[in-house]
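Thank you for making time for this one. I would like to walk through the fold with you piece by piece, so please keep the picture in view while I talk.

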Amino acid sequence: MDDTERVLLVGGGGREHAISRAVAASDATLFACASNRNPGIESLAAELETLDETDPEAVAAYAESVDATLAVVGPETPLAAGVADALDDAGVYAFAPQQAEARIETDKSFQRTFLDDHDIAGNPDYAVFESTDEACEYIDGYDGDLAVKPAGLTGGKGVRVTGDQVTKAEAKQYLRDSDYDRVVLEERLVGEEFTVQAFVANGDVRLTPAVQDHKRAYEGDEGPNTGGMGSYTAPTRTLPFMDEGDYDAAGDIIESVVDALPEYKGVLYGQFMLTDEGPKIVEFNARFGDPEAMNTLPVLETSFLNVVTAARDGEPLPELQFSERATVCKYAVPAGYPTDPEAGALVTIDADSAGDALLFYASVDAREDGIYTTTSRSFAVVGTGETIADAEAVAERALQRAGDDGLRARHDIGTADLVQRRIDHMAELRE
């Protein structure tokens, strides 16, 4: 590797802003393409091209036009469309799985069957249906609660859980109203969710610290699911409600998936439910999490570019070093999000006024007179500190500076009360 690497980043959200920051910390030249213009990415890139990021030919043509030597694909929709395949075919190494391997995320029925076929630990009970009527009959006859999941991509918002979010009758009505081609019904897992992301290439697996995301829209874990309202990490690789054995078990599951997918490259994201029996698999994603990338990349001391170039060059991936600091990420979203979001509020915070927090733009509208909200998540602030409480205070101060005019956030993420509830919940389950 040398300082002439020209890296193309595909995608324009908060996750991609975090990736662009990690790339910009090296001597590489960054180019970016996305269907939106993220002002944070634009400030770091030599050039930002607006194009359809799910159009493989357009992305590959742009990569060739800027003489890209590497590419990193952020979101899942380009992976489903085969963007990594097109980049690889064009001679631009994509640190991202090709379409066939990305099915571990993009097709939930494939995912469950694949895990079953390879005897991978932690796969819950499940059934796949193409008939809504048959799925509804299964819901009626199942002894227990179920997670109801469309087989395809839904941006983290398509799941309904009986006994938690909806009744069985409401779950059946949801299926009838939605008219999905295929649906996966899974046993409801009870415990605490956590995510472990891994860098993968040439059979190597390098794990990052565990993260806990908060999908529910409102404080106290209430309301509908979202793309993620925020997340936290501890100064260690584990979280306060888990032990080293739990983390190691999750890592073993990730490694067994990679063993069964020898061509996989890029980031593999394992989402787990820590139950009284250990980690069970909620799902796998074929890319960084959003917001989880914003927790792990800022504390990664190993050069992210060195990881990607080693992957391309067929060298062993470097062992990862992380600073022993906690992180707390809190998303600011438009008022009314996610059910009835109101766009057009002026974003008054910027990188300079965020204090000690990092600011990552997600979906915003950069105009001549300022940056405004859209109907999706607006921006995230990330605090780091020696403890989770310290990191939470840094993030919260930044949110206070941003104000709440047209914006909303979950202020409880990373607070001592919420973390203690997680610890108490797992202690209760394990008794």
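**A walk through the fold**

I start with one pair of residues, Thr 195, which stands opposite Gln 271 in β16. Please bear in mind throughout that what we are looking at is a predicted model.

That pair belongs to a longer match, in which strand β10, residues 192–201, and strand β16, residues 266–275, pair in the antiparallel sense over nine bridges. Elsewhere along the match, Gln 197 has Tyr 269 in β16 as its bridge partner. As for cover, β10 is mostly shielded, with nine of its 10 residues buried.

β10 also has a partner in β11, to which it is joined by four bridges, and these two strands run antiparallel. Here Val 200 stands opposite Val 205 in β11. The hairpin formed by β10 and β11 has two residues between the strands, and in that hairpin Asn 202 takes a positive phi near 55°.

Putting these strands into their sheet, we have an open arrangement of four, in the order β11-β10-β16-β17, with antiparallel pairing. The edges are β11, at 204–207, and β17, at 278–285, each of which pairs on one side only. On average, and ignoring direction, neighbouring strands of this sheet are turned by 35° against each other. As a general reminder, strands of a sheet pair through backbone hydrogen bonds, either parallel or antiparallel.

Let me turn to another sheet. It is again an open one of four strands, with the order β6-β9-β7-β8 and antiparallel pairing, and its edge strands are β6, at 126–129, and β8, at 160–161, each pairing on one side only. Strand β7, residues 146–150, pairs with β8 in the antiparallel sense over two bridges, and Val 148 is the residue that stands opposite Arg 160 in β8.

Now to the helices, and to a lysine that may interest those of you who think about side chains. Is Lys 172 buried or exposed? Lys 172 sits in helix α9, which covers residues 168–178, and because its relative accessible area is 15%, below the 20% cut-off, it counts as buried. If we leave aside its neighbours within four places in sequence, Lys 172 is in contact with Cys 136, Ile 139 and Asp 140.

Helix α13 takes in residues 388–402, and its 15 residues reach 21 Å from the first C-alpha to the last, close to the 21 Å expected at 1.5 Å a residue. Its buried residues include Ile 388, Val 394 and Leu 399, and also two glutamates, Glu 392 and Glu 396. Among the elements that cover the buried residues of α13 are the strands β15, β18, β22 and β23, together with helix α14, at 416–430. Following α13 comes Gly 403, whose phi is positive, near 80°.

Finally, let me step back to the chain as a whole, whose secondary structure comes to 14 helices and 23 strands. Its radius of gyration is 21 Å, close to the 22 Å that the globule rule gives for 431 residues, so the chain is as compact as a globular protein of that length. The C-alpha trace spans about 60 × 45 × 40 Å along its principal axes, and 58% of the 431 residues count as buried. Of the contacts between residues at least 6 apart in sequence, 67% join residues at least 24 apart. The chain exposes about 16800 Å², of which carbon and sulfur atoms supply 42%.

Conventions: Residues are numbered from 1 along each chain as its sequence is written. This is a predicted model: local features need pLDDT of at least 70, side-chain atom pairs count only at pLDDT 80 or more; totals for chains, interfaces and linings use all residues. Side-chain values use heavy atoms; hydrogens and water are left out. Two strands pair if DSSP finds at least two bridges between them. Axes are lines fitted to C-alpha atoms, for helices over the stretch in contact, and angles run from 0 to 180 degrees between N-to-C directions. The expected span of a helix is 1.5 Å times one less than its number of residues. Buried means under 20% relative accessible area, exposed over 50%, partly exposed in between (1.4 Å probe, protein chains only). Contact means heavy atoms within 4.5 Å. The radius of gyration is taken over C-alpha atoms; the globule rule is 2.2 Å times the number of residues to the power 0.38. Accessible areas come from the Shrake-Rupley method with a 1.4 Å probe; for residues, only the protein chains shown count as cover.
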